[in-house]
Each structure stands twice: as C-alpha cells, then as structure tokens.
Amino acid sequence: MKKSIREAYIDRYGQEPAWIARAPGRVNLIGEHTDYNDGFVLPMAIDLAIWMALGPIDSSTIRLYSINFKQEAKTDLNDLKHNDQGWLEYVKGMAWALQQSGYSLAGWQGIVWGEIPIGAGLSSSAAMELVSARSFAAVSGFDWDPVQMATLAQRAENEWVGVNCGIMDQLISAMGKSGHALFIDCRSLDTRPVKLPPETTVIVMDTNTRRGLVDSAYNERRSQCEEAAKLLGVSKLRDIDLDTLEENTNRLDPTVYKRARHVISENSRVLDAVEAMDRGDALKVGQLMNASHESLRDDYEVSSPELDVIVSAAQEQPGCFGARMMGAGFGGCAVAVVTTGSAPGFVDLVSQLYKEQTGLNPSLTICQAAKGAELMNVP
C-alpha cells in the first residue's frame, strides 16, 4: 500500500510526496457502548488502515484526492465551513478541532486511500481523523501527542461530524501496539497493552449490511444511559454496580433499566477479560465475548438478524473460543477469536453458513494487531 499510494501521488502531482501517513482501523474485542459511559474497553488496532501521501503547498488550502471515491475535494483553512463534503468533513473537522485548541496549521495536498470497509464498524472515521492529524502535525511542525490528538479527533467527531461517540476509536487508532489489544479506562484515559492469548487469531466478520451512525439509534442509546445515570444519582453508569442497579429497578423505565444493565455488566466483562488475557486464558475470553453478544442483542438491542446469524455460525465452529457483534450495531461487523490453526477453515465454513441462511456474501478477514497512527519515510 505504501508503494502504491506513493506512485499515485507522483502520478497526480508530478513529484515525490514529502510524507506518507497511516492510521489503522480497529476491532473491539469486548467493551461495547461503555466508552461514552466512562467505562472500560479492550480494542485492538488492525492491519487495515487509511493511508495519506502528502506534501506542503504555499497556501492555506487543503487539496485531497480520494482514490476510493475517485474524487478531488478542497477546503480553505482560513474559512472552514461544514457543507456536507462527505469524506472531506473528517479532515475539516480535524482541522477545526486543532485550530480551536490553538494549533497553527499549514496547507497541503495529498492522496488518500482507505483499506477499511466504510460503515462496517471498523472505525474508518476515526482512522480518517487520525491520519489527518498525523498529516497536519507533519506539515505544520508540531509534536505528536497521541492522547491529545485522539481527544481532539473525538471532538471533531462529536461537534463537527455530529456523532456522539466516546474516545475509544480515536485512542486505539492513535496508540495501537503490534501483537496486543489495548485496555482503556475511558474516564482517566489510562491505557495498558494486553498481549493476545498464544496461538489465537482474531477474525473480523463483515455481514455486508450497513448502517449510518448519524442516523442510527446510537444517540438515542447514549441519551438513555445519561437518563439512567441521572436517576441513579451518578455522573456516569461506570459508577454503579449490578447490585445497586437491582436495588433501584423500580426507579427506572424498563427499557432504560435494560440499557443500564448492559453497560454495567459489560464493564465487568472487560475487567474479567483483561485478567483472562493476562493468564493466556482464551477460553474464558471467548465465554465473555459470547455473553457480551447476548447482552448487546437482548438488553441494548443493537444487534440485527444478520449479525446474530454470523455470530451463531461462528460460535458453532470447534476452533472458535467466542464471537460477538461489535461497533454501534444494526449492521456491520462481528469479531471472533479462534485457534490459529483453525482460522482458514473457520473462514470457509462461516462464510458458507452465513450465505445459506441470509443469501448474502460475507467478508471474513484474518487480522493482525497493528501499530497506531504513524508517519513513514518516503520512499
């Protein structure tokens, strides 16, 4: 990919790029819809990324060509406006957030190329924000602070794009480590790399059904969590345990109660999964993933028929430790942890079962844990 995007830049602009940047997508092994509740998550950066080849220009303009969309778009850093320019809004949002925090930005031209399926729940938007942040840092000459850049990328997503996401996607794209997942405390932003259990492989299972985050029930679920926390007298559901929730059942609407039960139990599952991974106990990790899917399906109600089919097909395979839907829900991807030796056969069997039951062709990808956003030498 690095060689291809360099050549694309040369073909379009007639010169070598000054830099090549990349930022990865992610899978979330466990900890869904906990991040915006100040809870715990366990994501992993993957070896699917968004790439940017770029060079400085003597103006305040950002000029970008998207290989995926076969489209050029541009914006003026001195006159940023939200006018629904699609993929460019993530770049503009990142520029806006940086400027709001006092960064002085220089103009540049570039080529962008994404390997991450859009709308699949693999955080292509966060990767776009972080690769843009890496590019702005290179051109404008400021130091790279991954936590600060992730925080500003989250602000861009919340206030510019209009999605009330938590910090997880941006932080893992900024801070991923090869061979490891990353335990994140979404309140303190403390992180700790957690090594994957030996002889295990992570597989992303794309149902090839899509949902739009902004138009989905994501913001509704977040509002319900805020309502539950307010009624229970805490700032976030992170501060409540299951016993306390059960003691206060009569204070909550039944639907709001179910939403809170998912978040609180999911936080416990993340902590248990980290302990299991520290022991190398893949079986326990898989059991927790299966329980997570049930909770997302029944209490948080963000699964879909296709997600349920592909998760069930995965769980039936002898080499599978566990599987669950991931992301905001209503479509997109699930994730499975399997024995490394069973991975190729697992891909074939789950693909076949899913197609037989839905008529759709899934896309299953064997993933490696990758580094976070980085700037690379040219060539």
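Mentor: Let me fix one term before we look: buried means under 20% relative accessible area, exposed over 50%, and partly exposed in between, with a 1.4 Å probe and protein chains only. This is a predicted model, where local features need pLDDT of at least 70, side-chain atom pairs count only at pLDDT 80 or more, and totals for chains, interfaces and linings use all residues. Residues are numbered from 1 along each chain as its sequence is written, and side-chain values use heavy atoms, with hydrogens and water left out.

Trainee: OK, so is D84 buried or exposed?

Mentor: D84 is exposed, because its relative accessible area is 65%.

Trainee: And where does D84 sit?

Mentor: D84 is in the loop between β4 (71-76) and α2 (88-100), where helices (H or I, at least four residues) and strands (E, at least two) are DSSP runs numbered from the N terminus. D84 also has a positive phi of about 55°, although it is not a glycine.

Trainee: Why point that out?

Mentor: Because most residues other than glycine have a negative phi.

Trainee: What about the phi of E301?

Mentor: E301, likewise not a glycine, has a positive phi of about 55°; E301 lies in the loop between α9 (282-298) and α10 (305-315), and counts as partly exposed because its relative accessibility is 36%.

Trainee: Switching topic, what radius of gyration does the protein chain have?

Mentor: The protein chain has 21 Å, which agrees with the value near 21 Å for a compact globule of 379 residues, taken over C-alpha atoms, with the globule rule being 2.2 Å times the number of residues to the power 0.38.

Trainee: How many helices and strands?

Mentor: The protein chain has 11 helices and 12 strands, and 57% of its 379 residues count as buried.
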